[in-house]
Amino acid sequence: MVKIGVLVSGGGTNLQALLDAQDQGRLHSGQIALVVSSQAGAYALERAKQHGVESATLARKAFASQAEYDSAMVELLRCHDIDVVVLAGFLSVLGPAMVQAFPNRILNVHPSLIPSFCGKGYYGLKVHEAALARGVKVTGATVHLVNEITDGGPILLQKAVEVLPGDTAETLQHRVMEQAEWVLLPQATEMVCAAVTQQKKENAGS
């Protein structure tokens, strides 16, 4: 079974979508084996506990450099034999060491239709504030593979969400999560886990 590590920083609503998908059999090619939070006390850790999933906290500020943080993260994930890494509202930046350790096996969900409103500085409510300021009529979410460019990896899935009159950044954020992020992230995770499963079978047979 492909082991999934989910990296979080806050409430863990995207983690919950993954856990629900696993419970319902929509995510069946992999199993969530570890949840890592960049913040102590994040509610996502409670969600993991309620599902019997092992968890850990790895705070960026506890490390002197990005390289040290990446090294510790890679070691933690490898100690748990993690195959696929999912960034589910993870607010710490990952450096080259992580990308190289899990090539084409790190997924991220971004709350816009990349290439719109993405890249450095675009995260959380800031993405939706920018979309409203620009006056777009349609926004959405994107799940992509992670490379060394912020929000620059290959796109796996996208889903459009309508911007409604009177929307605030908060109402738009919730609609994008509900209609796109929570739908796409489990789908893309299943896609990647299925591909890794097939790759393992081929390697075992060669």
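A residue counts as buried when its relative accessible area is under 20%. By that yardstick, aspartate 167 in this predicted model is buried, because its relative accessible area is 14%. Its partner, arginine 175, also comes out at 14% relative accessibility and so counts as buried. The two side chains meet in a salt bridge, with N and O 2.8 Å apart.

That pair is one of two salt bridges that turn up when the whole structure is searched. The other joins aspartate 83 to lysine 200, and here the closest N and O atoms sit 3.2 Å from each other. This pair ties together distant parts of the chain, 117 residues apart: aspartate 83 lies in the loop between α3 (66-79) and β4 (84-87), while lysine 200 belongs to helix α6 (residues 169-205). As for exposure, aspartate 83 has just 10% relative accessibility, so it is buried, whereas lysine 200, at 37%, is partly exposed.

Helix α6 also packs against another helix. Its axis and that of α5 (residues 125-134) come within 9 Å and cross at roughly 110 degrees, which means that α5 runs roughly perpendicular to α6. The crossing is right-handed. On the α5 side, the contact is made by Leu125, His128, Glu129 and Leu132, and α6 contributes Ala169, Glu170, Leu172, Gln173 and Val176. Sorted by class, the residues in this contact are five nonpolar, two polar and two charged.

Conventions
Residues numbered from 1 in each chain as written. Predicted model: local features only at pLDDT ≥ 70, side-chain atom pairs only at ≥ 80, totals over all residues. Heavy atoms only, no water. Salt bridge = Lys/Arg side-chain N within 4 Å of Asp/Glu carboxyl O. Helix = DSSP H or I, 4+ residues; strand = E, 2+ residues; numbered from the N terminus. Buried < 20%, exposed > 50% of the residue type's maximum accessible area, 1.4 Å probe, protein only. Axes fitted to C-alpha atoms, helices over the stretch in contact; angles between N-to-C directions. Parallel < 35°, antiparallel > 145°, perpendicular 65-115°, else oblique. Left-handed = near helix turned anticlockwise from the far one by under 90°. Contact = heavy atoms within 4.5 Å. Nonpolar A, V, L, I, M, F, W, Y, C, P; charged D, E, K, R; others polar.
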